[in-house]
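Subject: Structure for you to look at, with notes

Hello,

I am passing on the structure we talked about, and below it I have written down what was found in it. Please keep it open beside you as you read, so that you can look up each place in turn.

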Amino acid sequence: MAKEEKKKHKELLYNILLIVIIAFFMFPVYWIFVGAFKFKGQFFHYPPVFFPTMFSLANFKAVLVQLGGMRSVLNSLIVAGLNTLIATVLAIFAGYSIGRYKWGGDNLSFFILSLLFAPPVVAVTPLFTMFRMMHLIDTYPALIWSYMLFNLPFAIWLIKSFVEDLPEEIEMAALVDGYSRFKAFRKVTLPLILPGVVVSALFVFVFAWNEFLFALIFTRFNAVTLPVFISGLIGGHEIKWGLLSALSIIASIPSIVLVVAFQKYLIRGLTFGAVKG
Amino acid sequence: MADKTSSYAGQRRFAMLMGIPALIVLLILVAPILFYILKNSFYDITLTVPRPPEFVGGANYAAVFKDTRFLNALKNTGILLVLGISIQSILGLIIALLLNRDFRFKRLAITLLAIPIMITPVVAGFNWRMIYNEHFGPLNFILNALHISEGISWTADPSVALYSILIVDIWQWTPFVALILLAGLQSIPKQVYEASNVDGATPVQTFFRVTLPLLKPMFILVILFRTIWIFKIFDPVYILTGGGPGTSTETLSVYTYVEGFRYWRIGYTSALAVVQLMMMTVVASVFVRLMKRKG
């Protein structure tokens with residue numbers, strides 16, 4: 001009986017500890033949220049205002065309409081959307097091809113993984129020079145093209161891991177039934193790896209949406225993406241905390257959707273398929 | 001029909017045909033980048049000085065390893081790597097163990113914890129700037145209310161700023177470590193623990209002799225992934241401190257950016273790029289070898 005009691009106390013202690021830890025990790029998320037619902041003066045108030053008092057969307061309206069943040073939201077949507085579309089289509093074929101037929105060997109794997117490991121800053125100067133020569137600075141193609149550098153190898157690698165999960169026999173049966181190789185891929189394999197394709201596309205989208213370094217250097221006015229726009233507002237001599245918080249909430253939407261709706265695949269995606277989770 | 005399925009050459013051709021578009025894109029993307037940095041790393045090119053590129057041999061590389069600002073960036077990145085990975089591993093393990101129990105709202109707890117991982121790094125940086133604000137931020141207020149500190153200049157004090165960036169990295173990435181380790185814990189069969197129990201091992205003994213050794217592959221993976229990401233850390237540094245005060249928070253990526261786009265020293269920036277690429281190639285080769293052993 002005493003032992004039972006002790007165990008109960010222990011579990012309670014663990015639960016409290018976990019709640020404290022979650023509070024630490026959630027507080028900054030909460031802080032963005034309240035920030036968007038504060039008056040300007042409340043940011044320069046001591047003690048800090050911990051709970052929102054202004055339940056209006058004024059900050060959202062101000063930053064999107066008056067400051068022109070809407071443009072950067074649209075730019076981000078277009079760049080991330082097109083990058084996702086192109087990378088995913090190319091990666092479906094390449095991921096299937098490498099995963100099913102195991103060609104290319106170690107050298108190909110090494111090539112693809114090195115692209116994922118390389119620091120993006122390495123590519124910034126060469127790409128900048130190239131884009132300037134081709135008059136692509138401050139355009140969508142510059143961003144869509146440069147994001148391929150990490151998103152395409154990522155999508156190939158992740159989709160490949162989903163293809164490898166499927167037993168080869170399923171396709172063999174289709175071939176024996178008289179399907180051509182391509183038809184077997186399209187009718188049998190593709191539907192089965194579809195969850196993997198969706199997960200991969202979502203990650204690719206969020207990576208492009210969150211990207212900062214390339215966008216900072218390759219854009220000026222027209223193609224400025226959301227992170228660059230946010231960073232520009234921070235750099236001003238008067239930081240507009242409320243407006244920035246509102247914009248931050250908008251910027252966080254795709255990430256939160258990914259985490260909440262596809263939590264099962266989160267770790268698998270972030271480890272390029274190495275941990276199945 | 002049997003002939004068609006077993007035709008090795010046909011199969012190979014089909015596979016290549018599907019894989020090649022993506023690989024061509026990657027080659028067109030990567031080849032000029034590599035060519036550019038390799039070639040220019042042997043030249044003195046400074047865009048602010050109107051003078052044709054001059055071949056300087058290995059001078060840029062020799063300069064890199066004598067450049068105190070590069071070595072400082074290397075040191076800062078190293079501090080973030082060592083402290084970031086060790087703190088995240090320990091804290092991540094504690095969280096994974098707490099999550100690896102049966103309790104209500106387990107799914108909710110995991111979802112909440114996972115949110116920081118994917119938050120736009122620029123947003124995370126801005127948000128921590130609000131939290132760190134010396135006069136109006138909640139952090140100093142809480143520390144003050146608890147009588148821990150009168151107020152810390154989180155981002156303006158050169159001896160503190162790097163650790164402020166470390167905290168942001170810990171906040172954003174510990175959940176990632178925790179979830180990987182949780183996946184590792186869940187894959188340990190119950191029988192292993194039962195056997196250990198039958199043998200009369202105490203929970204502490206079981207933890208150190210059974211659980212930890214079985215988690216080793218996951219730890220290796222975590223360390224590799226965190227190494228890759230921290231090695232290229234840029235966004236939170238740029239947003240929080242811009243590398244300052246002085247150069248106290250300058251990391252490798254931030255310093256490379258400054259050399260390239262503030263001083264426009266293209267030749268030297270290319271040499272910096274090649275050096276960083278070589279460092280990461282070593283990590284990548286270790287990773288490929290470990291992955292192969294695993295599967």
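Which domains does the domain assignment give for chain B? In this predicted model, chain B is assigned a domain 1 that covers residues 1–32 and a domain 2 that covers residues 43–294, and the C-alpha centres of these two domains of chain B lie 37 Å apart. For chain A, the assignment gives domain 1 as 2–35 and domain 2 as 62–270, with 35 Å between the centres of the two, taken over C-alpha atoms.

The two chains meet through 85 residues of chain A, which are in contact with 81 residues of chain B. On the side of chain A that touches chain B, the largest share comes from helix α1 (residues 2–35) of chain A, which supplies 13 residues. When the residues on that side of chain A are sorted by kind, 66 are nonpolar, 17 are polar and two are charged.

The next topic is the nonpolar core. The largest nonpolar core holds 158 residues, and the members that touch the most other members are A:Ala91, A:Ile156, A:Ile159 and B:Ile180. Helix α6 (residues 140–165) of chain A gives the most to this core, namely 17 residues. If you look at B:Ile180 and leave aside its neighbours within four places in sequence, you will find it in contact with A:Ile267, A:Thr271 and A:Val275 from chain A, and with B:Met218, B:Leu221 and B:Val222 from chain B.

Two helices of chain A deserve a careful look. Helix α8 (residues 181–210) of chain A has 30 residues, and although a straight helix would reach 44 Å at 1.5 Å a residue, its end C-alpha atoms are only 38 Å apart. The same helix, α8(A), bends by about 55° at A:Leu190, and a proline, A:Pro191, follows within four residues. Helix α11 (residues 241–261) of chain A has 21 residues that should span 30 Å at 1.5 Å a residue, which agrees with the 29 Å between its end C-alpha atoms. There is nevertheless a bend of about 40° in α11(A) at A:Ile253, where a proline, A:Pro254, follows within four residues. Of the 21 residues of α11(A), 15 are buried, so this helix is largely enclosed by the rest of the structure.

Several loop residues of chain B are also worth finding. B:Phe136 sits in the loop between α6 (121–132) and α7 (138–145) of chain B, and it counts as partly exposed because it has 17 C-beta neighbours inside 10 Å, a number that falls short of the 20 needed for a buried residue. Not counting residues up to four places away in sequence, B:Phe136 touches A:Phe43, A:Phe44, A:His45, A:Tyr46 and A:Pro48.

B:His147 lies in the loop between α7 and α8 (161–186) of chain B, and its phi is near 60°, a positive value in a residue other than glycine. With 7 other C-beta atoms within 10 Å, B:His147 is exposed. B:Trp264, in the loop between α12 and α13 (266–294) of chain B, likewise has a positive phi, near 55°, but with 15 other C-beta atoms within 10 Å B:Trp264 is partly exposed. Finally, the peptide bond from B:Gly244 to B:Pro245 is cis, with omega near -5°, and B:Pro245 is found in the loop between α11 (235–240) and α12 (252–261) of chain B.

Best wishes

How values were computed: Residues are numbered from 1 along each chain as its sequence is written. Chains are lettered from A and ligands numbered from 1 in the order in which they are written. This is a predicted model: local features need pLDDT of at least 70, side-chain atom pairs count only at pLDDT 80 or more; totals for chains, interfaces and linings use all residues. Domain bounds come from an automatic or database domain assignment. Helices (H or I, at least four residues) and strands (E, at least two) are DSSP runs, numbered from the N terminus. The expected span of a helix is 1.5 Å times one less than its number of residues. The bend at a residue is the angle between axes fitted to the seven residues ending there and the seven starting there. Two residues are in contact if their C-beta atoms, placed from the backbone, lie within 7 Å. Ala, Val, Leu, Ile, Met, Phe, Trp, Tyr, Cys and Pro count as nonpolar, Asp, Glu, Lys and Arg as charged, and the others, Gly among them, as polar. A nonpolar core is a set of buried Ala, Val, Leu, Ile, Met, Phe, Trp, Tyr and Cys residues joined through C-beta atoms within 7 Å. A residue is buried if 20 or more other C-beta atoms lie within 10 Å of its own, exposed if 12 or fewer, and partly exposed in between; C-beta atoms are placed from the backbone.
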